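Student: Could you walk me through the model I have open here? I would like to start with the overall picture and then ask about details as they come up.

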Amino acid sequence: MRPASSRQFAPLALTGGVAIVALSVALAVPPPESAAKTATGPAFTSAQADQGQQVYVGQCQSCHGANLQGVSGPALAGGGFLTKWAGGQHPLGDLYSIISKQMPLTAPGSLSEKQYLDVTAYILSKNGYQASTQALTKAVLGVKLVKPATAQGAAGQGAQDQQAAQPVPADLPKVIGAVKSASGQTPSDADLLKMDDNNWLTYNRDYMGQRYSPLDQITVDNAAKLQVKCVFQLGEVGSFQTGPVIYQGRMYVTTPRNTYALKADTCTKLWESDYSPTGPEPQPANRGVALYDGKLFRGTTDGHLLALDAATGKVLWNNWVADSAKGYFLSLAPIAAGGMVFAGEAGADWGANGHIYAFDANTGKRIWTFNAIPTGKEPGADTWKSGAQNGGGSMWTTLTLDPANHLLYASVGNPAPDFNGGLRPGDNLYTDSVVVLDSRSGKMAWYAQQVPHDTHDWDTAASPVVYNLNGNKYMAVANKGGWLYIYDRVTHKLVSKQQTTTHLNSDKPVSLTGRRDCPGILGGVEWNGPALDPLKGTLFVNSVDWCATYKIGETRYVEGSLFFGGDATFDPVKDARGWTRAYNAATGEPLWSKKMATPMIAGVTPTAGGVLFTGDQNGDFMALNAASGDTLYKFRTGGAIGGGVATYGVDGQQYVAVASGNASRSIWSTTGSATIFVFSVPGQTGK
Amino acid sequence: MRSLLLSACLALMAAGPALAYIPTLNAQQIQNAYAEGQQLAQNRDSGYPLRAYTLYAVKDTLKLEAQNGAVDAVTIATPSERTRFESFLSFLGEDPITPQQAFQRAGLPPYNVAFIVFAHGMDAGDQTFLNRFSMARLKLGGQSLRPVETSKSGTSISQYPRTVGETGIRFGGTVTYRFELPKRLIGDTGTLNFTDASGKAYDLPVNLALYR
């Protein structure tokens, strides 16, 4: 592959993706204060609202929630919605236009005009507008909405959850409110450093990100006898990408807003902790918790980092890390060690510059900050030749820690603007890179950039894996560009670069007339990265094989010149596939590859039993033979698997927990509801 | 020798096209415009230069400010400039075309000019802003001309990263007003008038002698 800097013009986004971004961002942006108020709500009848409710339940509810509170799609009721749409600036026709032209996301424009008007009436009714005897028609869509007299009116749960917006402190990150102590103190540093085989203590099981379990009760020989031990339905629909954390028989999982503790062998709920955002939620996603010193640490969709009591779920402290109105949110599972919690923000696609932080685990106070996008005199700032006010650089997933050397490894995502590289000439450090920091000070030790000057949205999103083999020290990372990179941690040199998915025209400029290129902007390795079997010296990687047709599109006048972006149209999602591949972890030599039925975005988990656990978008949980990739067992869970797959032991029995139900109608066309499935091979206790 | 001539030509372009509007291009002029486009596209980071053809631009095109309404910039398109542009674009897309094809794709018949308005939505969700632009008038030599064609691009999401207080995301697009010029007015001065999606009115001076 030629360096990405040779390719200047790239996709803007898929149409659906643009729609999602546009609407989400729209809801996140307050209108000008001077907006003129020109009229009250338009007329609609209660019959229309009733009929609209039927449409809503069938077509909209799964994304926007039963109470219009927003799930995978934005909230359609409440303060945020009214702030956006009822500021006296928008004709109702603007809202109707989005609904009627872009919804439902899987079949835009497929409903009748009457259905679109009815569902618009229903949304109005749920926001406190009063029905009348006159029906809503297209003729009155020009009326500009102002807030109804009832303020948030009859808005749904989302509105109730959405607390009054607080003024943003100038000195973020900042602890908000009181700080409390946890009722327990485990696991300790020692517990995390020398982990009991039965535990799975971080998003990727261990600090080094290896995801390898020494448990060997489930083997190549008996994996076909796996059975469902228990199921826990969370009662939520939407993004479900959690990586379960399991400690001494307790499992902790998250949804975008909420946190749950379960008995890991029976799926019995122990507690639930619900979070109410106080600011906009740019993207509702969460990938899990860090567990340390009696506390759970998790990010929120509105840019906060919470510490919860692991015993009860009560909030111990709340650090407002970043302003979500600027696009920031915390989707990653933090990592904690040595009295500190390490985390960073996402939001690059909204133009927010990323940071990596260390916080005091007891108080939540910020200890140090590393700017993922250097400015001023910081090293790397000169790689932004036109400045980097909004350079991007998200931390999408958990960090990796080499505790012996106090080195923190962080994958940094794509630069912003995503596709119009002409607006940001230069290599754009430290985007699409792994940065290695001294965990005590936040000072950079070294870095490796996978894609200089990215114009494809080819984030380095998934966590790196740190390991030693045959006396050598390695770091492996895989990116959305469809490559696995193995580096020498001593020389920092690239040892091997291997393909994880199909590449086609990936080194060419975007076509004027449209050309199919691979991977598309959601190809390669997403948020779950490589896993290592340290005994066999093998790396395992899941990837997405999904191409797109790119065409020069967006043009932008900037400072006397015209710059070009592009448009991308994905192949039909039904044609998207995935891979599970194995490589020699020292040389990168490919060992085997298995074409999968769907894009593979779930975690992959090798074990001492020679089994590889993972799952696909069809909802199939799978046990593969780690030596060959052959399928040993498959079970359809009923919901797409896009989160972690963890294995652990309770009372001598090995279990596997799978997060099923990552519903994404807009991008992956997947369904399901958030559910934890726990599997075991019965009768193996103690063996 | 040919490269010397081209270099001289490009230097002239960079300094500003201090040549009058050319209403109809001969074969050599088409060839020259084509060659300029190919040459310019070899530096992929620099973008396509439009400063010399810019009638109006806000002070900071990466920053949203309410008083600027919906318009980032207004440029003038001439047969020569558009031929150059099409050549530039074809080079970028690795889609080779001939000089004559570049001229044809330019879509500007003899004695035509177009004004390209680079615009954005009024908020992050506004995708209909192009529909709220008024018709334009070109007043030249005391004569008021209506556009023979008004075309609108699609919209695509973009960023204004220097915006204060918000993420600065907007849909962007262009409105293009094409005018047919009476022969007697091709070296004249006047104004371009239109109203943007925010209701802001524009009255921009036009001097055809400044644009080749």
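Tutor: We can take the chains, then the interface, and then some individual side chains.

Student: Before that, what kind of model is this?

Tutor: This is a predicted model, and local features are taken only where pLDDT is at least 70.

Student: OK, chain A then. How many helices and strands does chain A have?

Tutor: The secondary structure of chain A comes to 8 helices and 38 strands. Of the 687 residues in chain A, 66% are buried, and the chain exposes about 22,400 Å², with carbon and sulfur atoms supplying 50% of that area.

Student: What share of its contacts join residues at least 24 apart?

Tutor: In chain A, 63% do, counting contacts between residues at least 6 apart in sequence.

Student: And what about chain B, how many helices and strands are there?

Tutor: Chain B has 4 helices and 11 strands, and 56% of its 212 residues are buried. Contacts between residues 24 or more positions apart make up 74% of those in chain B with a separation of 6 or more. Chain B exposes about 8,800 Å², and 53% of this comes from carbon and sulfur atoms.

Student: Let's go to where they meet. How many residues does each chain give to the contact?

Tutor: Chain A gives 50 residues and chain B gives 43 residues. About 3,800 Å² is buried between chain A and chain B, and carbon and sulfur atoms give 57% of that area. On the side of chain A, the residues that lose the most area to chain B are Leu512(A), Arg556(A) and Tyr557(A), which together account for 19% of what that side buries.

Student: How many salt bridges and polar contacts go across?

Tutor: The rule finds 1 salt bridge across the interface of chain A and chain B, and Arg162(B) forms a salt bridge with Glu559(A), with the closest N and O atoms 3.0 Å apart. There are also 10 residue pairs in polar contact across this interface, both residues of each pair being at pLDDT 80 or more.

Student: Which elements of chain A are on that side?

Tutor: The elements of chain A that give two or more residues to the side touching chain B are α1 (15–28), β1 (87–91), α5 (92–102), β28 (548–558) and β29 (561–570). The largest share, 6 residues, comes from β28(A). By residue class, this side of chain A divides into 24 nonpolar, 17 polar and 9 charged residues.

Student: Changing topic, how many salt bridges are there over all chains?

Tutor: A search of the whole structure finds 20 salt bridges. One pair in chain A is Arg257(A) with Glu281(A), whose side chains meet at 2.7 Å, N to O. Arg257(A) sits in the loop between β6 (250–254) and β7 (258–263), and Glu281(A) in the loop between β8 (269–274) and β9 (290–292), so the pair links distant parts of the chain, 24 residues apart.

Student: Are those two buried or exposed?

Tutor: Arg257(A) is buried, at a relative accessible area of 13%, whereas Glu281(A) counts as partly exposed, at 22%.

Student: Why would you say that Asp620(A) and Arg636(A) tie parts of the chain together?

Tutor: Asp620(A) forms a salt bridge with Arg636(A), the closest N and O atoms being 2.9 Å apart. Because Asp620(A) lies in strand β34 (residues 620–625) and Arg636(A) in strand β35 (residues 631–636), the pair ties together parts of chain A that are 16 residues apart in sequence. Asp620(A) is buried, with a relative accessible area of 5%, while Arg636(A) counts as exposed at 51%.

Student: What about one within chain B?

Tutor: The side chains of Arg132(B) and Asp126(B) meet in a salt bridge at 2.7 Å, N to O. Arg132(B) is partly exposed, with a relative accessible area of 33%, and Asp126(B) is buried, with 2%.

Student: Last one: where is Asn318(A), and what does its side chain contact?

Tutor: Asn318(A) is in strand β12 (residues 315–320) of chain A, and Asn318(A) is buried, with a relative accessible area of 17%. Its side chain makes a polar contact with the side chain of His304(A), at 2.7 Å. Leaving aside residues up to four places away in sequence, Asn318(A) touches Lys174(A), Val175(A), Ile176(A), Tyr275(A), His304(A), Leu305(A) and Leu306(A).

Definitions and conventions
Residues numbered from 1 in each chain as written. Chains lettered and ligands numbered in written order. Heavy atoms only, no water. Buried < 20%, exposed > 50% of the residue type's maximum accessible area, 1.4 Å probe, protein only. Contact = heavy atoms within 4.5 Å. Areas by Shrake-Rupley, 256 points an atom, 1.4 Å probe, with all protein chains shown as cover. Salt bridge = Lys/Arg side-chain N within 4 Å of Asp/Glu carboxyl O. Buried area = accessible area lost by both parts, 1.4 Å probe. Polar contact = N/O pair within 3.5 Å; in protein donor to acceptor, adjacent residues only side chain to side chain. Nonpolar A, V, L, I, M, F, W, Y, C, P; charged D, E, K, R; others polar.
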